[in-house]
Amino acid sequence: MTSYTHGHQASVLRAHSWRTAQNSCAYLLSYVKPDMSILDVGCGPGTITVDLACLVPQGHVTGIEPSAEQEEVLDKARHLASSQGVTNLTFSRGDGHNLPFPDNMFDVVHAHQVLQHVADPVKVLSEMKRVVKSAGGIIAVRDIDYASMVWHPPSKGLSDWHEMYERTARANGGEPNAGRVLLSWALKAGIPRDCIEPMVGTWCFSKSEEKEWWSGTWAERVVQSALAKSAVEHGISTEAELQEMATAWKSWCVAPDAWFAMLHGELICRL
Ligand SMILES: C[S@@+](CC[C@H](N)C(=O)[O-])C[C@H]1O[C@@H](n2cnc3c(N)ncnc32)[C@H](O)[C@@H]1O
């Protein structure tokens with residue numbers, strides 16, 4: 001397994017917990033029917049998973065995370081579900097490379113921002129194909145493409161952060177530009193081309209509160225998360241350089257014309 005670049009430190013969880021089905025898998029929602037069974041691979045703190053469960057009141061959602069290290073984040077996901085009174089879901093342990101489910105089981109198999117982090121994304125997609133219903137099942141995957149990130153005003157600290165992130169993610173065995181490779185991986189996993197609809201989604205942070213939240217989480221992540229530890233261990237950045245990147249994030253967001261956008265590759269595969 002690759003080492004998960006971000007880890008689940010508080011600032012990472014704050015970033016992931018902003019995610020909803022609407023802002024992270026809108027491309028899937030028109031296919032979801034109230035009685036469906038859904039598997040959410042790499043569910044993290046479960047905000048998307050809980051939203052999906054609300055959309056399938058007569059169905060069931062299973063969220064999985066790969067190892068004992070992620071038990072704490074699964075507990076947060078369970079807590080979120082119970083605090084919202086959502087009961088038609090289960091959070092359990094399972095690695096995307098070897099899904100602990102029989103063939104042909106789920107109506108939908110979903111993964112958001114996961115394939116960029118795994119050792120073998122083609123194997124994970126093959127497993128997603130194995131456990132989704134072979135007649136009428138849907139695979140939905142979405143991953144960022146870091147090279148597509150654009151921002152204003154220019155900032156040397158943010159440029160340094162971007163380069164540090166790409167190098168660290170690769171050193172950990174990930175693919176930070178996964179968004180553009182999803183279609184290629186799906187074809188290698190044996191999903192027929194005429195079943196796949198490749199799409200693109202964007203996130204744009206331009207309102208003051210969005211910019212403060214986005215830059216605030218990165219200012220903390222760049223010095224306190226597993227990413228910071230990895231960047232130092234791989235000799236990519238020093239702690240002092242990471243500190244400068246954190247300062248750059250804090251000063252970038254106060255500019256009234258600050259604006260940040262990025263592209264995500266998305267695939268709907270209808271079997
Ligand atoms: C960027 S987070 C995304 C979390 C969630 N899907 C979301 O968008 O909020 C990536 C998640 O994938 C999980 N992950 C990493 N490797 C995995 C694997 N081999 N199998 C399943 N999940 C994995 C990580 O633990 C992490 O929670």
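Here is a short conversation about two helix pairs and the ligand site in this predicted model.

User: Why are helices α9 and α10 called oblique to each other?

Analyst: Happy to walk through that one! The axes of α9 (residues 208-224) and α10 (residues 226-233) cross at roughly 45°. Roughly parallel needs an angle under 35 degrees, and roughly perpendicular runs from 65 to 115. An angle of roughly 45° fits neither class, so the pair is oblique.

User: What makes up the contact of α9 with α10?

Analyst: On the α9 side are Trp218, Arg221, Val222, Val223 and Gln224, which meet Ala226, Leu227 and Ala228 of α10. By class these are 6 nonpolar, 1 polar and 1 charged.

User: And why are α6 and α8 oblique to each other?

Analyst: The axes of α6 (residues 121-131) and α8 (residues 178-188) come within 8 Å and cross at roughly 60°. Since roughly perpendicular begins at 65 degrees, the angle of roughly 60° counts as oblique. The crossing is right-handed. Pro121, Val122 and Leu125 of α6 make the contact with Trp185, Ala186 and Lys188 of α8.

User: How do you know that aspartate 95 has a polar contact with the ligand?

Analyst: Good one to check! An N or O atom in the side chain of aspartate 95 is 2.8 Å from a nitrogen atom of the ligand. The cut-off for such a pair is 3.5 Å, so this counts as a polar contact.

User: What about histidine 112 and the ligand?

Analyst: There, a side-chain N or O atom of histidine 112 is 2.7 Å from an oxygen atom of the ligand. That is also within 3.5 Å, so the pair qualifies as a polar contact.

Terms used. Residues numbered from 1 in each chain as written. Predicted model: local features only at pLDDT ≥ 70, side-chain atom pairs only at ≥ 80, totals over all residues. Heavy atoms only, no water. Axes fitted to C-alpha atoms, helices over the stretch in contact; angles between N-to-C directions. Helix = DSSP H or I, 4+ residues; strand = E, 2+ residues; numbered from the N terminus. Contact = heavy atoms within 4.5 Å. Nonpolar A, V, L, I, M, F, W, Y, C, P; charged D, E, K, R; others polar. Polar contact = N/O pair within 3.5 Å; in protein donor to acceptor, adjacent residues only side chain to side chain. Left-handed = near helix turned anticlockwise from the far one by under 90°.
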